[in-house]
Amino acid sequence: MGEKITFKSYKEMPICAMSGADMTYNLTGSWRNVRPYYDFKVSPCRLGCPAMENIQRYIFLLTQEKYEEAWRELMEANPMPSVTGRVCFHPCMEKCTRKDFDQAINIPAIERSIGDRGLDNPGWMKKAPATKKETVAVVGGGPAGLSAAYYLARRGYPVTIFEADAVLGGTLRWGIPEYRLPNDVLDRVVAQIVGSGPITVKTGAALGRDVDLAKLEKEFAAVFVGVGLSRSRPLGVAGEEGRGIERGLDFLRRVNGGEPVNPGRSVAVVGGGNTAMDVARCARRAGAEVTVVYRRTMNEMPAIKDEIEEAEHEGVRFRFLAAPKSIERGASGPLTVVFQQMKLGDPDESGRRRPVPDGDATFTLSVNTMFTAIGEEADAAPFGKLLECDGNLIATKGEWGETSRKKIFAGGDVATGAASVVEAVAAGRKAAERISRMLSGEPEPAAEETGTISIENINTAYFTKGKRLLVPRIPLDEALAGYREIHTGYDDRMLRREADRCFSCGVCNFCDNCWVFCPDVAVRRLEAEYEFDYDFCKGCLVCVIECPRCAISTREEGK
Amino acid sequence: MNAPKIPLPELMTSGHLACQGCGATQAMRFALKALGPRTALVLPACCWSVIDGPFPHSSLKVPILHTAFEAAASTASGLKAGLEMRGDTETVVMAWAGDGGTFDIGIQALSGAAERNEDIIYCCYDNEAYMNTGIQRSSSTPIGAWTTTTPGVHWKKRPKKKMIDIMAAHSIPYIATASVAYPNDLIEKFRKAREIKGTRFLHVFAPCPTGWKLAPELSVSMARQAVTSKVFPLVEVTDNGRTWKVWKDFEPTPVKDYCMAQGRFRHLSEDELRLVAEGIEENWQYLLSREAGSAFVPGLQH
Amino acid sequence: MKKVIMGNHAVSYGVRASDVKVISAYPITPQTQVVELLSEMCANGELDAKFIAVESEHSALTACVGASAAGSRTFTATSSQGLLLMHEIIHWAVGARLPIVMSNVNRAVGPPWSIWTDQNDSLSQRDTGWLQIYCESNQEVQDTIVQAFKIAETVMLPVMIVLDAFFLSHTFEIVDILEPEAVRPFLPPYRPARKIDTADPHSFGNLAGPGEYFELRYMIEKAMEDSRAVIERTDREFEERFGRGYGIVKPYRCDDADYVLVTSGTVASTTRAVVDAMRAEGIKIGSLKVRVFRPFPFDEVREVLSKAKKVGVIDRNISFGHHGIFYQEVKSALYGRTNVPVTGFITGLGGRDVTPAVIRGIAEKLIAGTNLEPDINWIGVKI
């Protein structure tokens, strides 16, 4: 702020009108009726992500070429971006504002790139020391359990993971084929998580068989149960136990375990979820002609849309509105499966229209193998006595995974029923946060008001229409020749290009517009932020309009 | 934070006397960022005579010589000569005039300086009327506009003067239009101008929320729409007036949207708006023909 | 070195001697030879100056404003209509306190078109704050240009050197040419305290409110007052160095004069011849040339005229509705100090000859006191 020069006598004045100081004595802020202020919103993508990944933030860090920081930001919400970047159903993209301009940002591709960089740079993960005396048991080494273990270990709690199998990974390992999630990627993810802090792993320790929940409750300060769904649902059709019929998950387990499989020339897969798609595609790779039979239509299929498209692309055929009715088999040779033709009736509790038989219409398929993939369920035996259940599932309340026992928490499919990897990851993290607060006596965080924005709030003049950058992939014949990962991922240039498409909705990404366009030089450009100089801001609000991403809000002066 | 999109050093201070959302102020700030501190300004009567601030203060950190309304180009000619004759050959002299001081009262001195190819930059910041005196029409006021001297049914019936053509006819080395909505382009053009000897004419579109009856927050947005609706095309004329280049890499927007956002055009009927739009398209086609014609000027290598 | 040159070229030689750096001018009869010779001097290297051949007198003076503000010694020349076109900038140069020197060849103002002399053009710039010096010989013209720069740069006000069209501008006289090397010790290079300088940036001439404008105008008047002593000192120094001095006023045979004719410009020379002739006849007459018109030489005029019995003022100009301009000025100088009667005579407008006979007629009319209007007497007009 400058001083105003005043003259008491002409003797103090220059002989002609000539300036002796600048204008900063003149506080033009007094002209202002309305005040702009930086007001960062929550980007819609973040609200769309079950794990609440700060997508805008890590993409922004990428645009700054701060790869390690981007990775750290991502790992705050999700300890396995290399996994979710490959297999997630990416609801974030549905929310992406750019969808209403040209095409949504390819968030999973970016997520995967960041995660893989984290794996390629082992130095980024600095092992957390055990700083807490309270120990936590995590039962189940799938996505929920790994996530819970990671966030507890990072906070210094010694964690023991009890895993029924010989290796960690759970459904990630056995339920997802390698062409989507290669084993070596998963191995590295698991290794990174296990190496991230004081984590002990006990494999071959199945709940109910080798480990007793009540005992764990006594021995540990807290227990997280994330055992997932271990049982495939039966078809309920006579003859489903026998030659030529296999549970899809068992088939995938064999494939993922490297066992040679030979389902025969003709294969049917019953179901419409991701498991059905994976089974169908693995069967294609084993040389079969594959037909997926689903009792509803394409629109109701729970599988990720991309996976359905991939399956079609790979030559999988679909028959909709059909359910197996009976199975006929001889001593050898193909089975004959009779399918009941269905139609859609009234909506069920999921909101989808319920399939009901369409009179007597049937058709038959002759198949060497029929795989069932109509869903999985939990085995409640190991926890049913100790914990309140909701059917076969552990009953939890709220978002933090609290069960009927104070020290026991649960999350993932065992609490929600069949859901997604990212939801399991989110549940594991939230339970870990809750456990940590319980053990340390920290207060619960206050619920935040989260303002968000939509395309109307974006100044689209600053963006050029274009297309999402697809992830490169190997040719179809190579894909079908084995289990090689189909998508090869972005290179650096592609990563940067796609990251640059991000609107950074509601959050400043230092585009400089407010500073550039301020007619009153009343925006200070500081090291890592901007600041309004309200001594001089006249309240023209040009900054508000020219902020491409609505990171500035206004309020009337004196209110 | 990223490297700044425009140069960091500020040669304009806060506290100046411009209205809210003033385009002329943005234009000055950008221009000085491009030209740097070794710049001396000549300011004829215009909004900037007031914006600069009252004696003994100034909102610019470069020397300014205020001069009479019609005298920007001639004062600048003398200033440049005077500096050179006292050994300062480096300082860039820039006359900074409004549209009234350029299109109307100052055109004689400007024409004289341009014909002599004085080694000055002449920048017209164009807010399309005499704004400092309270919104009277100038020969830069566009067809259709209300001003206090083109009120009611007497809205301006004549199109804006083709200033770039007039300057091109003077065979000066560099002529360009620029807009405050495109600061990088503006700065690049001023930098280019800085490196050229002779008379360089820059015509900067600078919205006036007060005079256009426009919400101040929309001033940059209007400047942008002026370009995208072809109301104010971004043009560069080089090779002493012979080579014309018209910027076309934008999503076109309707002239009507541009006009209807501003109170000064709001009286126009649909038919009248159509006429305005036709005139604008005609001018655009004319510019494109100049650009196309550049290729056939004898003696030019492309 | 002595040369026989026209008055306009005497201006050019004065400029050459003054080491002027920027010249900006526009042609107008009858001053054109001033700038022609200066262009030539710039072209042949005789004068190290930039010559800006502008498109109008308005631009000529504004270019001078720019050049002078930059800190360079600056000159322009004009006449009549050109001077009037400059009028806005005539004021500007004063407010900006720029020591610009200009020569104005007195030429009548149109319409009707006239290229011949009278003083209305320069006198209409009376109240602008320029110093005005009226010359009567080519030598005086050249010398006064050099003096003018020194005065202007001392008091920081512009100076106008005035010479009559044709009677001086196109009349060839012997002039002792001043060489720049000889003048330099008298008039060192211009080094202003304030200038347009990117190393020390200031805004010059911006808006001043009622709280400051008044003082700035007071300082102009003060500078004008101070300039009397500066003019006198400069003239004295010049005389010491070059042997020629001109004074603020030039009284001629006034010591014992009963009658004094007040004149300016070339009429002064003619009048002195008439005075000599009448003195030879025993008439106690003298003349007073007013050389410096602004600042007006009140003391000198009072001192000379208060001893006379009658004063006649010869004006080659007219302030319509208010008599001759020198007449007004002389009267206002004497008002309340002395009761000597002052009579005004208008003659020679538009270049009509003011011959010895005309002046003698005026003198006789004054002495006789018959058919004399108290304020304004038109001499030679065809009534």
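Two exercises with worked solutions follow, both on a predicted model.

**Exercise 1.** Determine the strand order of the open sheet and locate the helix H3 of chain B relative to that sheet.

*Solution.*
Step 1. Nine strands form the open sheet, with mixed pairing, in the order S9(B)-S8(B)-S6(B)-S7(B)-S5(B)-S4(B)-S1(B)-S3(B)-S9(C).
Step 2. The edges are strand S9 (243–246) of chain B and strand S9 (203–204) of chain C, each of which pairs on one side only.
Step 3. Within the sheet, strand S1 (residues 39–43) and strand S4 (residues 92–98) of chain B run parallel and are joined by four bridges. B:Leu41 has B:Met94 in S4(B) as its bridge partner.
Step 4. Helix H3 (residues 72–85) of chain B packs on this sheet, where it touches S1, S3, S4 and S5 of chain B. The direction of H3 makes about 170° with that of S4(B).

**Exercise 2.** Characterise the contact between chain B and chain A by residues, buried area and polar interactions.

*Solution.*
Step 1. On the side of chain B, 43 residues are in contact with 51 residues of chain A.
Step 2. The two chains bury about 3,500 Å² between them, of which 60% lies on carbon and sulfur atoms.
Step 3. Polar contact links 25 residue pairs between chain B and chain A, both residues being at pLDDT 80 or more. H1(B) gives the most to the side of chain B that touches chain A, with five residues. That side divides into 21 nonpolar, 15 polar and seven charged residues.
Step 4. The salt bridge count is one: B:Arg224 with A:Glu546, whose closest N and O atoms are 2.8 Å apart.
Step 5. Strand S1 (residues 21–22) of chain A pairs with S2(B) in the parallel sense over two bridges, and A:Ala21 has B:His57 as its bridge partner.

Conventions
Residues are numbered from 1 along each chain as its sequence is written. Chains are lettered from A and ligands numbered from 1 in the order in which they are written. This is a predicted model: local features need pLDDT of at least 70, side-chain atom pairs count only at pLDDT 80 or more; totals for chains, interfaces and linings use all residues. Side-chain values use heavy atoms; hydrogens and water are left out. Two strands pair if DSSP finds at least two bridges between them. Contact means heavy atoms within 4.5 Å. Axes are lines fitted to C-alpha atoms, for helices over the stretch in contact, and angles run from 0 to 180 degrees between N-to-C directions. Buried area is the accessible area (1.4 Å probe) that two parts lose on being put together, summed over both. A salt bridge is a side-chain nitrogen of Lys or Arg within 4 Å of a carboxyl oxygen of Asp or Glu. A polar contact is a pair of N or O atoms within 3.5 Å; within protein, one must be able to donate a hydrogen and the other to accept it, and residues adjacent in sequence count only if both atoms are side-chain atoms. Ala, Val, Leu, Ile, Met, Phe, Trp, Tyr, Cys and Pro count as nonpolar, Asp, Glu, Lys and Arg as charged, and the others, Gly among them, as polar.
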